[in-house]
Structure formats: structure tokens, C-alpha cells
Amino acid sequence: MLGDVNATLDHEPLADLGGCVDAADAAGAGSAGTWPASAPAAIAAPIDHVFVPRASWLVLGTAARVVDGSDHRALVARLRHR
């Protein structure tokens, strides 16, 4: 699952991801903010996520990229199927 979840990992609905992992968090970049794109990533909110089943996918890395016409940074996740 991926998208603009409008919540950070410390919000209660995301406290239990079951068998899934947040790709940015698994890559060590979970604090890099995606919204608003106009703010530095260090102080922006990480509210966009890519969740993958940890048993099926290995997270190789993530990057937040500025995209024209959006107030969010796009979250790109590099994954490898296990």
C-alpha cells in the first residue's frame, strides 16, 4: 500500500502495521519529511508512506523527491522481492 496517509508513524492508527513495514523507516529515512514540499525535509512531516509485507519484500532504499505541481514530495522506494 502506498500514498498520502496524512499520519506519521507515531500516530496510533499506524502503531501496528501487522506484518508490514514502512519502507522509509526500514531504510533509515523514516524522519525525512514529505509534506509540505516547500519546507526542508528535516522539518517537514513524513506523512506519505510505502508499506510492504516484510516477509515478501526487502527495502533497498527510499528517496523523497520534489515533484512539480504537488505540495508533497514523492516517496520513491527501491524494493527487492524475497
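# Exercises on a predicted model

Methionine 1 belongs to the segment before strand 1. The structure examined in these exercises is a predicted model.

**Exercise 1.** Determine whether methionine 1 counts as buried or exposed, and list the residues that methionine 1 touches beyond four places away in sequence.

*Solution.* Step one is to take the relative accessibility of methionine 1, which is 64%. Step two is to apply the cut-off: a residue is exposed when its relative accessible area is over 50%. Methionine 1 therefore counts as exposed, at 64%. Step three concerns its contacts: with residues up to four places away in sequence not counted, methionine 1 touches His49, Val50 and Phe51. Step four adds a distance along the chain and through space: proline 13 is twelve residues from methionine 1 in sequence, and their C-alpha atoms are 15 Å apart.

**Exercise 2.** Establish the order of the strands in the three-stranded open sheet, and describe the pairings within that sheet.

*Solution.* Begin with the order, which is 1-3-2, with antiparallel pairing. The edge strands are strand 1 (2-4) and strand 2 (20-22), each of which pairs on one side only. Neighbouring strands of this sheet are turned against each other by 25° on average, direction ignored.

Next, take the pairs in turn. Strand 1 and strand 3 are joined in the antiparallel sense over three bridges; in this pairing, aspartate 4 stands opposite aspartate 48 of strand 3. Strand 2 also pairs with strand 3 (residues 48-53) in the antiparallel sense, over three bridges, and cysteine 20 stands opposite proline 53 in strand 3.

Finally, consider the covering of strand 3: five of its six residues are buried, and the strand is thus described as mostly covered.

**Exercise 3.** State how strand 4 and strand 5 pair, and place valine 76 within this arrangement.

*Solution.* First, strand 4 (residues 57-66) pairs with strand 5 (residues 73-81) in the antiparallel sense over nine bridges. One bridge may be followed by name: glycine 61 has arginine 78 of strand 5 as its bridge partner.

Second, the two strands form a hairpin with six residues between them, and in this hairpin glycine 69 takes a positive phi near 85°.

Third, valine 76 is located in strand 5. With neighbours within four places in sequence left aside, valine 76 is in contact with Gly61, Thr62, Ala63 and Arg65. Its relative accessible area is 41%, so valine 76 is partly exposed. The C-alpha atom of valine 76 is separated by 14 Å from that of isoleucine 47, which lies 29 residues away along the chain.

**Exercise 4.** Describe the backbone at asparagine 6 and at the peptide bond from tryptophan 35 to proline 36.

*Solution.* Start with asparagine 6, in the loop between strand 1 and strand 2. Asparagine 6 is not a glycine, yet its phi is positive, at about 55°. Its relative accessibility is 54%, so asparagine 6 counts as exposed.

Then turn to the peptide bond that runs from tryptophan 35 to proline 36: this bond is cis, with omega near -10°. Proline 36 lies in the loop between helix 1 (23-26) and strand 3.

**Exercise 5.** Identify the residues that line the largest cavity, and characterise glycine 30, one of those residues.

*Solution.* The structure holds one cavity of 30 Å³ or more. The space in the largest cavity is about 50 Å³.

The lining consists of Leu9, Asp22, Ala24, Ala29, Gly30, Ala32, Thr34, Pro46, Asp48, His49 and Leu75. By character, the lining divides into six nonpolar, three polar and two charged residues.

Glycine 30 is found in the loop between helix 1 and strand 3. With residues up to four places away in sequence not counted, glycine 30 touches Ala24, Asp25 and Pro46. Of these contacts, Ala24 and Pro46 are also named in the lining of the largest cavity. To classify glycine 30, note that partly exposed residues fall between the cut-offs of 20% and 50% relative accessible area. Glycine 30 has a relative accessibility of 23% and therefore counts as partly exposed.

As a last step, compare chain and space: glycine 30 and histidine 49 are 19 residues apart along the chain, and their C-alpha atoms are separated by 9.1 Å. Histidine 49 also appears in the cavity lining.

Definitions and conventions: Residues are numbered from 1 along each chain as its sequence is written. This is a predicted model: local features need pLDDT of at least 70, side-chain atom pairs count only at pLDDT 80 or more; totals for chains, interfaces and linings use all residues. Side-chain values use heavy atoms; hydrogens and water are left out. On a 1 Å grid over the protein atoms alone, a cavity is a set of points where a 1.4 Å probe fits but cannot get out, and a pocket is an open set with protein on both sides within 12 Å along at least five of seven lines; lining residues have an atom within 4 Å of a point. Grid points are joined across faces, edges and corners, and a volume is the space filled by probe spheres set on the points. Ala, Val, Leu, Ile, Met, Phe, Trp, Tyr, Cys and Pro count as nonpolar, Asp, Glu, Lys and Arg as charged, and the others, Gly among them, as polar. Two strands pair if DSSP finds at least two bridges between them. Helices (H or I, at least four residues) and strands (E, at least two) are DSSP runs, numbered from the N terminus. Axes are lines fitted to C-alpha atoms, for helices over the stretch in contact, and angles run from 0 to 180 degrees between N-to-C directions. Buried means under 20% relative accessible area, exposed over 50%, partly exposed in between (1.4 Å probe, protein chains only). Contact means heavy atoms within 4.5 Å.
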